Amino acid sequence: MTDLVGEAVRARFPIFEHTTYANSCSQGALSVDVRRAYEEYLAGWDAHGAEWEHWVERAEAARGAFARLVGAEPDEVAVTTSVSQAVSSLVSALPLERERRKIVISEFEFPTVGQIAHAQELRGAEVVHVRPEPDGRIPLERFAEAVDEETALVCCTAISYRTGYRLDVAEVARIAHERGALCLADSYQAAGAVPLDVNALGVDFLTAGTVKYLLASAGLAFMVVRRGLHERLLPTQTGWFADEDIFRMDISDYSPAPDARRFDSGTPPVPNIYAGIAGIGIVVEAGVPAIEAHVGALRARLLAGLDELAATVATPRGEGEIGPLVCVVSSDPDALVAALAAERIVTSARDANLRISLHLYNVEEDIARILQALARHRALLV
Ligand SMILES: Cc1ncc(COP(=O)(O)O)c(C=O)c1O
């Protein structure tokens with residue numbers, strides 16, 4: 001049996017007929033499967049009008065699919081429209097005014113996590129930043145120094161969208177728990193690319209969405225909330241799909257669902273749920289370990305070629321420190337992205353870095369094309 005990676009899956013992503021796509025850290029490529037899922041949604045809507053029972057069932061299917069992907073139970077998963085919505089409802093459940101008031105965030109958090117943390121300053125919270133060393137790593141001691149008995153929540157990011165650095169999330173969770181704090185791992189840049197198991201990681205909350213390595217579109221995200229925490233966390237940012245009985249339509253009180261669904265909100269994002277199920281389906285069909293191994297081999301080729309070009313790789317390369325995203329320092333990253341785009345090579349830029357991100361559909365020929373183009377634009381590399 002051939003693994004469903006590389007050439008075996010590429011034909012399902014039509015963009016590769018004309019483009020070298022290496023930008024899954026921004027948006028996964030569109031598959032025929034996801035296009036078909038959207039068409040199925042439209043066809044059902046057209047044929048039946050309101051298909052609410054079926055649509056709600058699809059939301060539950062998405063909840064279950066994400067739960068299986070990260071080793072959680074479906075009742076530990078909230079279905080949301082974005083990580084922002086999930087994290088906002090999570091922090092709304094923390095009694096920051098009365099009890100532990102600190103939120104610790106790594107410097108690699110996506111803007112939304114940092115901004116939501118700082119918004120809690122209006123409720124009396126204090127936000128503590130954990131900063132990386134000049135080599136791009138965040139030593140665990142930095143977290144140990146920042147987290148104390150006043151800390152309510154430690155936010156870390158499994159793989160940095162800025163540098164591709166992969167953090168030892170399990171150790172961060174251990175440090176948080178040693179001091180009685182909760183731990184959130186934003187895993188948006190990891191889900192679908194590297195194996196994730198909430199039990200092995202030991203985190204309390206794990207977030208991800210479908211836009212990137214889960215191969216679907218904007219408007220669908222998930223948050224795992226570990227069992228044992230549900231009852232003590234009462235989100236004040238809520239909505240009717242978080243109620244214990246959605247169809248009772250009762251406005252006389254606040255009675256959230258007993259499980260992680262209490263972090264859901266309003267009407268589920270049905271079209272994106274169709275797409276999300278299809279995207280996650282491809283990842284599951286290929287298998288995350290097979291994807292990781294395939295990408296690992298391509299990444300080794302890429303890094304070797306970058307070394308030959310004497311380029312500066314910003315992503316730390318130690319064992320377990322690098323995932324699907326390789327960042328290369330550029331004197332003008334926007335110009336470099338544009339120059340590559342002119343050759344039909346899609347990448348992206350963050351800070352001073354060119355981001356090259358690989359997924360199951362990339363092949364050696366993509367790496368060769370990228371390296372040849374970078375050699376031509378060597379003047380833009382540092
Ligand atoms: C690490 C990370 N977190 C969160 C997001 C997005 O958050 P939201 O779903 O709120 O747009 C992204 C990318 O867009 C990301 O890379």
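Two residues are said to touch, or be in contact, when heavy atoms of theirs come within 4.5 Å of each other. Keep that in mind as we walk through this structure, which is a predicted model.

Let's try the idea out on Arg-63. Leaving out residues up to four places away in sequence, Arg-63 touches Pro-74, Val-77, Ala-78, Val-79, Phe-222, Arg-261 and Asp-264. Arg-63 sits in helix H3, which covers residues 52-69. Is Arg-63 buried or exposed? The cut-off for buried is under 20% relative accessible area. Arg-63 has 5% relative accessibility, so it counts as buried. Its side chain has polar company too: a polar contact of 2.8 Å links it to the side chain of Glu-60, and the backbone oxygen of Val-77 is reached at 2.8 Å.

Val-77 is a handy stepping stone, because strand S2 spans 77-80 and stands at an edge of a sheet. Let's look at that sheet as a whole. It is an open sheet made of 7 strands, and if you read across it the order is S2-S8-S7-S6-S5-S3-S4, with mixed pairing. At the edges are S2 and strand S4 (126-130); each has a single partner strand, so one side of each has no neighbour in the sheet. From one strand to the next, the twist averages 20°.

Now zoom in on strand S5, residues 151-157. How many of the residues of S5 are buried? The count is 7 of its 7, so to speak a mostly covered strand. On one side, S5 pairs with strand S3 (residues 102-106) in the parallel sense, over 4 bridges. You can find some of these bridges yourself: Lys-102 is partnered with Thr-151, and Ile-105 with Cys-155. S5 also pairs with S6, again in the parallel sense, this time over 5 bridges. One of the places to look is Leu-153, whose bridge partner in S6 is Leu-182.

What about the helices around this sheet? Helix H7 (residues 169-178) packs on the sheet and touches S5 and S6, and its direction makes about 160° with that of S6. Put S5, H7 and S6 together and you get a right-handed β-α-β unit. Helix H4 (residues 83-92) lies across S2, S5, S6, S7 and S8, and runs at about 160° to S7. Then there is helix H5, residues 111-119, where Thr-112, Val-113, Gly-114, Ile-116 and Ala-117 are buried. Those buried residues pack against H4, S3, S4, S5 and S6.

There is another sheet to visit. This one is open, has 3 strands in the order S9-S12-S11, and its pairing is antiparallel. Strand S9 (325-329) and strand S11 (348-350) are at the edges with a single partner strand each, so one side of each is left without a neighbour in the sheet. Neighbouring strands here are turned by 35° against each other on average, direction ignored. S9 and strand S12 (residues 353-357) pair over 5 bridges, and one of the pairs is Val-328 with Leu-354. Helix H10 lies across S9 and S12, at about 10° to S9. Helix H11 (residues 333-342) packs on this sheet as well, touching S11 and S12, with its direction at about 40° to that of S12.

Next, the nonpolar cores. In soluble globular proteins, nonpolar side chains tend to be buried together. Which residues of the largest nonpolar core touch the most other members? Out of 93 residues, they are Phe-66, Leu-306 and Leu-374. Helix H10 (residues 288-308) supplies the largest share of this core, 7 residues. Not counting neighbours within four places in sequence, Leu-374 is in contact with Leu-306, Leu-309, Leu-336, Leu-340, Leu-354, Ile-356 and Leu-381. Apart from this core lies another, of 31 residues, and its members include Ala-78, Ile-103, Ala-125 and Leu-182.

Our last stop is Tyr-21, in strand S1 (residues 20-21). Its relative accessibility is 7%, so Tyr-21 counts as buried. Beyond four places in sequence, Tyr-21 touches Ile-15, Phe-16, Gln-27, Gly-28, Ala-29, Val-346, Tyr-361 and Asn-362. A polar atom of its side chain also lies 3.5 Å from the backbone oxygen of Asn-23.

Key: Residues numbered from 1 in each chain as written. Predicted model: local features only at pLDDT ≥ 70, side-chain atom pairs only at ≥ 80, totals over all residues. Heavy atoms only, no water. Pairing = 2+ DSSP bridges. Helix = DSSP H or I, 4+ residues; strand = E, 2+ residues; numbered from the N terminus. Axes fitted to C-alpha atoms, helices over the stretch in contact; angles between N-to-C directions. Buried < 20%, exposed > 50% of the residue type's maximum accessible area, 1.4 Å probe, protein only. Right-handed = clockwise from strand over helix to strand, strands pointing away. Polar contact = N/O pair within 3.5 Å; in protein donor to acceptor, adjacent residues only side chain to side chain. Core = buried A, V, L, I, M, F, W, Y, C linked by side-chain atoms within 4.5 Å.
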